[in-house]
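Please open the model in your viewer and keep the sequence panel visible beside it. The tour below proceeds from one selection to the next.

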Amino acid sequence: MRVLVIGGSGFLGTELIRQAAMAGHTTAATYATRPGTTSHAAWYQLDLRDPARVEAVMAEVGADIVVNASSGNADWAVTAQGFVRLAMAAAKHGSRLVHVSSDAVFSGARVHYDESCLPDPVTPYGAAKAAAETGILLVHPQAVVARTSLIIGDGDSVHERVVHELAAGTREGVLFTDDIRCPVHVADLAAALLELACSDAAGVHHLAGSEHVSRHELGILIARRDGLDASRLPTGLRAHSTLPGALDVRLDSRATQRKLHTPLRGAHHFCTTPA
C-alpha cells in the first residue's frame with residue numbers, strides 16, 4: 001500500500017515513516033519548512049492552509065492511507081481548518097485517514113476519559129484540536145481520530161531533552177508533580193496508528209500509555225534510565241503557575257487496546273524495556 005505521512009519531519013512522523021517502510025509500504029511524507037532526513041520517503045512541501053496545494057499533493061501521491069501526525073499548535077487555520085481540509089481531500093480521493101489528536105481536548109474536570117467522553121477544551125490549542133475532530137468525522141465518517149498523550153522516545157523527545165537539561169542545570173524550570181498524563185512510547189503509538197490504518201476501524205480511539213504519571217514522576221524514570229541524578233530535577237505545582245490547561249487528564253485506552261495487537265506500554269515499562 002501507499003502511505004502518506006502528514007508532518008513526516010516531526011518526532012512521531014519520523015517513526016511512522018520508519019515503520020511504514022519496514023512493513024514494505026511505499027511511503028511519502030510532507031513537511032512545512034524542511035524535509036526530514038530519512039531516505040525512506042518521497043518528500044512533499046505542504047501548507048495545510050493552501051487548498052490548492054493540499055489537493056495537488058493528494059492527487060500526486062495517490063495514497064491508500066493518510067496518517068496526519070502534524071501539530072499546527074494553536075494556529076486555527078492549520079489545526080482546525082487545515083486538518084478538516086485534509087480530511088475532505090482524503091475522502092475525495094478515497095484515502096483512508098488516521099488523524100492524531102490530543103488529550104488537550106479535555107479540561108481535566110472528570111480526570112478519567114474514555115472514547116465516549118465529549119471534548120471540553122480549556123485552551124486555544126485544545127479548542128482547535130476538538131474542532132478538527134468534529135469536522136474530520138463529519139466530512140470523512142470512516143476516518144479514525146486517535147487521541148494520545150505525552151509522546152516519549154529513547155532520548156529524543158521534547159520531554160526527555162527537558163529532563164536532561166534540567167538535570168544538567170542548563171535549563172530553568174520545574175517538573176510539575178500535579179500535572180498528570182498517560183505517556184506513550186513513540187514506537188508503540190506509531191505501530192498502533194498503522195495497525196488502525198490497516199483495519200476497518202472508524203471514529204474516536206484512545207492511544208495512550210497504560211498508566212498515569214506526573215511529569216515529575218516521568219522525569220525521574222527518564223533520569224534513572226539515562227543515568228542522570230534524579231535528585232537534581234526541580235519540582236513545582238502547575239496549579240501555582242500561570243500556565244493554562246488541564247491538570248489531570250487520564251486517557252482510558254482499554255477499549256482500543258482490546259482491538260489491537262500492539263501493546264500500549266506504561267511509562268514504568270517503556271523506560272526500562274527497549275521498544
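Which backbone oxygen lies 3.1 Å from a polar atom of the side chain of Thr27? It is the backbone oxygen of His25. Before going further, please note that this is a predicted model.

**Stop 1: Thr27**

Keep Thr27 selected and display strand β2, residues 26-31, in which Thr27 lies. Thr27 has a relative accessibility of 6%, so it counts as buried, the cut-off being under 20%. Now show its surroundings, leaving aside the neighbours within four places in sequence. Thr27 is in contact with Val3, Ile17, Ala20 and Ala21, and also with His40, Ala41 and Ala42.

**Stop 2: helix α5**

Select residues 158-168, which form helix α5. Its buried residues are His159, Glu160, Val162, Val163, Leu166 and Ala167. Turn the view until you look down the axis of α5: the buried residues fall within an arc of 160°, and therefore they line one face of the helix. On the face turned away from this buried side, find the exposed residues Val158 and Ala168.

What covers the buried residues of α5? The covering elements include β8 (151-152), β9 (175-176) and α7 (215-225). Before leaving the helix, select Gly169, just after α5, which takes a positive phi of about 75°.

**Stop 3: the largest pocket**

Next, display the pockets. The largest pocket holds about 1,400 Å³ of space. It is lined by 44 residues, and those closest to its centre are Tyr125, Ser149, Leu150, Val158 and Arg215. Val158 has already appeared on this tour, as an exposed residue of α5.

Colour the elements that give two or more residues to this lining: α1 (11-22), β5 (96-102), α4 (124-139), α5 and β9. Which element gives the most to the lining of the largest pocket? It is α5, with five residues. If you colour the lining by class, you will find 20 nonpolar, 14 polar and ten charged residues.

**Stop 4: the second largest pocket**

Move to the second largest pocket, where about 510 Å³ of space lies. Its lining consists of 20 residues, and Ser9, Tyr31, Ala32, Thr33 and Ser70 lie nearest its centre. By class, this lining has seven nonpolar, nine polar and four charged residues.

**Stop 5: helix α7 and Ala223**

Return to α7, one of the elements that cover the buried residues of α5. The buried residues of α7 itself are His216, Leu218, Gly219, Leu221, Ile222 and Ala223. Among the elements that cover them are β8, α5, β9, β13 (213-214), β14 (235-236) and α9.

Now select Ala223 within helix α7. Is Ala223 buried or exposed? Its relative accessibility is 0%, so it counts as buried. Apart from its neighbours within four places in sequence, Ala223 is in contact with Val163, Leu228, Ala230 and Leu233. Val163 is one of the buried residues of α5. Then draw a distance from the C-alpha atom of Ala223 to that of Cys271: the two atoms are separated by 9.5 Å, while the residues are 48 apart along the chain. After α7, select Gly227, whose phi is positive, near 75°.

**Stop 6: positive phi outside glycine**

Most residues other than glycine have a negative phi. Two selections depart from this pattern.

- Asn73 has a positive phi, near 50°. Look for Asn73 in the loop between β4 (65-68) and α3 (76-92). Its relative accessibility is 53%, and therefore Asn73 counts as exposed, the cut-off being over 50%.
- Val111 has a positive phi of about 70° and is not a glycine. Look for Val111 in the loop between β5 and β6 (112-113). Val111 counts as partly exposed, at 21% relative accessibility.

**Stop 7: Arg265**

Finally, select Arg265 in the loop between α8 (254-257) and α9 (267-270). Helix α9 was met at Stop 5 among the elements covering the buried residues of α7. Arg265 has a relative accessible area of 9%, so it is buried. Which side chain does Arg265 meet in a polar contact of 2.8 Å? Show Asp188: its side chain and that of Arg265 are joined by this contact.

Definitions and conventions:
Residues numbered from 1 in each chain as written. Predicted model: local features only at pLDDT ≥ 70, side-chain atom pairs only at ≥ 80, totals over all residues. Heavy atoms only, no water. Helix = DSSP H or I, 4+ residues; strand = E, 2+ residues; numbered from the N terminus. Buried < 20%, exposed > 50% of the residue type's maximum accessible area, 1.4 Å probe, protein only. Polar contact = N/O pair within 3.5 Å; in protein donor to acceptor, adjacent residues only side chain to side chain. Arc of directions from axis to C-beta. Contact = heavy atoms within 4.5 Å. 1 Å grid on protein atoms, 1.4 Å probe; cavity = no way out; pocket = protein on both sides within 12 Å on 5 of 7 lines; lining within 4 Å. Points joined across faces, edges and corners; volume = space filled by probe spheres on them. Nonpolar A, V, L, I, M, F, W, Y, C, P; charged D, E, K, R; others polar.
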